[in-house]
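Please open the structure in your viewer and keep the sequence panel beside it. The stops below say what to select next and what is to be found there.

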Amino acid sequence: AVRTLEQILTLCTDKSRTYYIGGYSLAGLFSLWAAYQTDVFSGIAAASPSVWFPGFIEYMKEHEIKSEIVYLSLGDKEEKTRNSVMSQVGNCIRMGYGWLIEHGIRAIILENRI
């Protein structure tokens, strides 16, 4: 993850531009993690991020996010998996969202019900 972020940051050197990062699933988790590593990204779009990954919510609580805006989304089938760890994705996203709001981050969560 560190090397990938280093490569991405080489593309974000123009100070006259505003940069955003986003991703889906594991890339969404990476995008959230990146927001804790650098202040280069003004906003984060984490679509169905893998925040169920063990220890990530605790990581969020123990570190300071450096982005101003965070978008989170959750699909309606993600919580219905038989995998007990992955099925916590909804609880984890809501917990992370609550933490961000409590700490003054402009965040939105969209729960996609199809």
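Read along the sequence, which pattern does the chain follow? Colour the chain by secondary structure, and the pattern that appears is α-β-α-β-α-β-α-β, which comes to 4 helices and 4 strands. Please keep in mind throughout that this is a predicted model, with a pLDDT that averages 91 over the chain and reaches at least 70 for 89% of the residues. If you colour by confidence instead, helix α1 (residues 2–9) has the highest mean, at 98, while strand β4 (residues 106–112) has the lowest, at 91.

**The whole chain**

Show the surface next: the chain exposes about 7000 Å², of which carbon and sulfur atoms supply 55%. Of the 114 residues in the chain, 39% are buried. Turning to contacts between residues at least 6 apart in sequence, 61% of them join residues at least 24 apart.

**The nonpolar core**

Now select Leu 32, Phe 41, Val 51, Phe 56, Val 70 and Leu 100, which have the most contacts inside the largest nonpolar core, a set of 29 residues. At least two residues of this core come from each of β1 (19–24), α2 (26–37), β2 (41–47), α3, β3 and α4 (89–102), and it is α2 that gives the most, with 7 residues. Centre the view on Leu 100 and look beyond its neighbours within four places in sequence: Leu 100 is in contact there with Tyr 36, Met 60, Ile 65, Val 70, Leu 72, Ile 105 and Ala 107.

**Inside helix α2**

Select Ala 34, which lies in helix α2 and counts as buried because its relative accessible area is 0%. Leaving aside neighbours within four places in sequence, Ala 34 is in contact with Leu 5, Ile 21 and Phe 41. If you draw a distance from the C-alpha atom of Ala 34 to that of Val 2, the viewer should give 8.8 Å, although the two residues are 32 apart along the chain.

**Strand β1 and its partner**

Move to β1 and show its side chains: Tyr 19, Ile 21 and Gly 23 form the covered face, whereas Tyr 20, Gly 22 and Tyr 24 form the uncovered one. Strand β1 runs parallel to β2, and 6 bridges join the two. One place to see this pairing is Tyr 24, whose bridge partner in β2 is Ala 47.

**Two loop residues**

Which loop holds Thr 38? Select Thr 38 and you will find it in the loop between α2 and β2, where it counts as buried because its relative accessibility is 10%. A polar atom of the Thr 38 side chain lies 3.2 Å from the backbone nitrogen of Val 40, and, not counting residues up to four places away in sequence, Thr 38 touches Leu 9 and Lys 66.

End the tour at Ser 67, in the loop between α3 (56–62) and β3 (69–75). Why does Ser 67 count as buried? Its relative accessibility is 4%, and therefore it is placed among the buried residues. A polar atom of the Ser 67 side chain lies 2.5 Å from the backbone oxygen of Phe 41. Not counting residues up to four places away in sequence, Ser 67 touches Ala 35, Phe 41, Ser 42, Gly 43, Ile 44 and Ile 105.

Notes. Residues numbered from 1 in each chain as written. Predicted model: local features only at pLDDT ≥ 70, side-chain atom pairs only at ≥ 80, totals over all residues. Heavy atoms only, no water. Buried < 20%, exposed > 50% of the residue type's maximum accessible area, 1.4 Å probe, protein only. Polar contact = N/O pair within 3.5 Å; in protein donor to acceptor, adjacent residues only side chain to side chain. Contact = heavy atoms within 4.5 Å. pLDDT = per-residue confidence, 0-100. Core = buried A, V, L, I, M, F, W, Y, C linked by side-chain atoms within 4.5 Å. Areas by Shrake-Rupley, 256 points an atom, 1.4 Å probe, with all protein chains shown as cover. Pairing = 2+ DSSP bridges.
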